[in-house]
Amino acid sequence: MINFVYYSPTKVIFGRDTESQAGNEIKVLGHKKVLLHYGGGSAKQSGLLDRVIASLNSAGIAHVALGGVKPNPRLSLVREGIALAKKEKIDFLLAVGGGSVIDSAKAIAYGITNEGDVWDLYLAKKKAVACAPVGCILTIAAAGSETSYSSVITDENGNHKRSYNDDISRPKFAIMNPELTYTLPEYQTMSGVVDILMHTLERYFTNDRQVELIDRMAEGLMLSVIENAPKLLKNPRDYDARAEIMWAGSLSHNGLTGTGRTGDFASHQLEHELSAMFDVAHGAGLSAVWPSWARYVLKHDIARFAQFAVRVMGVEMNYFQPEETASRGIDKLEDFFRSLRMPVTITELGIKDLTEKQLDEMVEKCSWGGKRVIGQFVKLDPLDMKKIYQMAR
Ligand code: NZQ
Ligand code: ZN
């Protein structure tokens with residue numbers, strides 16, 4: 001196990017009707033004026049937004065609303081939010097939505113507390129000195145932004161999708177009512193399920209040894225998600241299944257399953273170029289890429305893939321041919337994705353004729369113009385990236 005710092009300061013308020021506590025939480029934190037940030041309309045249609053506003057009003061918290069966050073949140077709206085928040089003297093950002101809304105709120109929070117252009121943070125040109133406080137009411141179990149240190153933003157001018165990671169952006173509180181996720185379209189629910197599994201797998205595939213405790217926690221988390229996700233195909237209003245998946249979403253990405261080890265995150269980097277260029281759902285992009293990534297790197301550590309196959313995917317160990325066991329684990333996860341009606345290739349993702357030019361552009365962007373390799377489990381250079389994209393086509 002390698003040295004680590006585990007910092008997960010977000011107060012989680014979990015369960016039915018918890019959204020009514022938002023106003024009071026902000027009041028207790030001593031803030032007075034909120035930018036209420038939300039997405040394209042689901043929170044309005046469901047009546048959630050009205051309930052949140054009622055909670056703010058009853059706690060005496062003033063607010064200004066800014067909706068319109070798109071999935072794969074855009075830099076232009078972030079800039080608009082920064083200008084609005086400065087003009088209105090906002091002292092707290094309340095995100096009502098999923099990863100996109102929360103990430104956009106985090107970006108605005110950086111923008112109002114740091115000099116210069118906020119995009120410079122995402123371009124790794126500088127580091128933030130501060131971040132205004134953010135809280136959230138989560139409406140989709142997926143990205144894990146409600147407890148994570150990341151914000152992922154797309155500059156639509158050139159389709160550059162970049163993340164900025166800093167502990168200072170971790171939300172002060174995350175209100176998580178599983179009932180709020182009942183209205184999700186099946187595709188979004190299942191994209192979220194894939195993302196949750198991927199956040200765990202990206203850390204599971206590590207070169208560090210003696211990481212048994214977290215291996216077992218990660219395996220338990222994945223087993224629980226694999227058990228509960230199919231229940232939601234049958235009954236999207238299954239509270240208990242929604243609750244298990246929602247909590248798994250936070251625990252998969254708050255840092256816990258990455259303690260004592262170095263994670264990989266190559267599949268995430270490869271996917272970010274897909275969602276930047278084609279505006280696809282992040283989780284669906286991950287299921288389209290991961291099986292190819294896994295087959296490409298399989299030989300690097302057959303034992304670890306076999307462990308995953310046996311302990312998580314229920315494959316019987318073939319002691320004489322461990323590679324066969326390892327390989328079957330990948331096949332079984334791919335089958336599981338299919339059973340959730342998730343794509344397992346880029347074509348199935350809806351990108352029917354990915355051209356060589358588009359492929360090269362994704363590799364160029366993913367490698368920051370050939371300047372970076374991605375992944376830790378296996379370091380991937382631009383040629384590797386291209387081969388994986390080709391396998392995933
Ligand atoms: O905009 P609305 O109308 O709300 O619709 C959203 C959106 O279309 C809809 N939705 C959300 N809650 C709903 C609902 N529809 C009905 N009922 C509800 N209760 O779902 C769609 C997707 O929402 P989005 O916020 O984009 O989903 P998700 O949470 O998957 O976030 C994806 C974004 O997070 C980034 C991704 O790259 C992507 O940009 N990520 C952020 C991370 C982080 N900050 O730690 C880590 C992740 O790996 C990821 O990269
Ligand atoms: Zn993700």
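This text leads the reader through the aromatic rings and the zinc site of a predicted model.

The zinc ion (ligand 2) offers a starting point. Four residues coordinate this ion: Asp195 through OD, and His199, His268 and His282 each through NE2, at 2.0 to 2.2 Å. Along the chain, these donors follow the spacing D-x3-H-x68-H-x13-H. Distant parts of the chain are thereby linked, since Asp195 lies in helix H7 and His282 in helix H11 (residues 282-297), 87 residues apart. Asp195 has a relative accessibility of 2% and therefore counts as buried. His282, at 16%, also counts as buried, because the cut-off for this term is under 20%.

The aromatic rings come next. A pair of aromatic rings is described by the distance of the centres and the angle of the planes. In the whole structure, a search finds 17 aromatic pairs. In one of them, Tyr204 and Phe308, the ring centres are 6.2 Å apart and the planes stand at 65°, so the pair is edge-to-face. This pair, too, links distant parts of the chain: Tyr204 belongs to helix H7 (residues 186-204) and Phe308 to helix H12 (residues 302-311), with these positions 104 residues apart in numbering. Both Tyr204 and Phe308 are buried. Ring pairs also join these two residues with Phe205, Trp290, Trp293, Phe305 and Phe377 into a cluster.

Tyr204 has a further partner, for the charged end of Arg304 sits over the Tyr204 ring, 5.0 Å from its centre. A second arrangement of this kind involves Arg16, whose charged end sits over the ring of Tyr239, 3.7 Å from the ring centre.

Key:
Residues are numbered from 1 along each chain as its sequence is written. Chains are lettered from A and ligands numbered from 1 in the order in which they are written. This is a predicted model: local features need pLDDT of at least 70, side-chain atom pairs count only at pLDDT 80 or more; totals for chains, interfaces and linings use all residues. Side-chain values use heavy atoms; hydrogens and water are left out. Rings of Phe, Tyr and Trp (its six-membered ring) pair if their centres lie within 6.5 Å; planes under 30 degrees apart count as stacked, over 60 as edge-to-face and the rest as tilted. Helices (H or I, at least four residues) and strands (E, at least two) are DSSP runs, numbered from the N terminus. Buried means under 20% relative accessible area, exposed over 50%, partly exposed in between (1.4 Å probe, protein chains only). A charge sits over a ring if NZ of Lys or CZ of Arg is within 6 Å of the ring centre and within 35 degrees of the ring normal. Donors are N, O and S atoms within 2.8 Å of the metal (3.2 Å for Na, K and Ca); water is not among the atoms, so sites may look incomplete.
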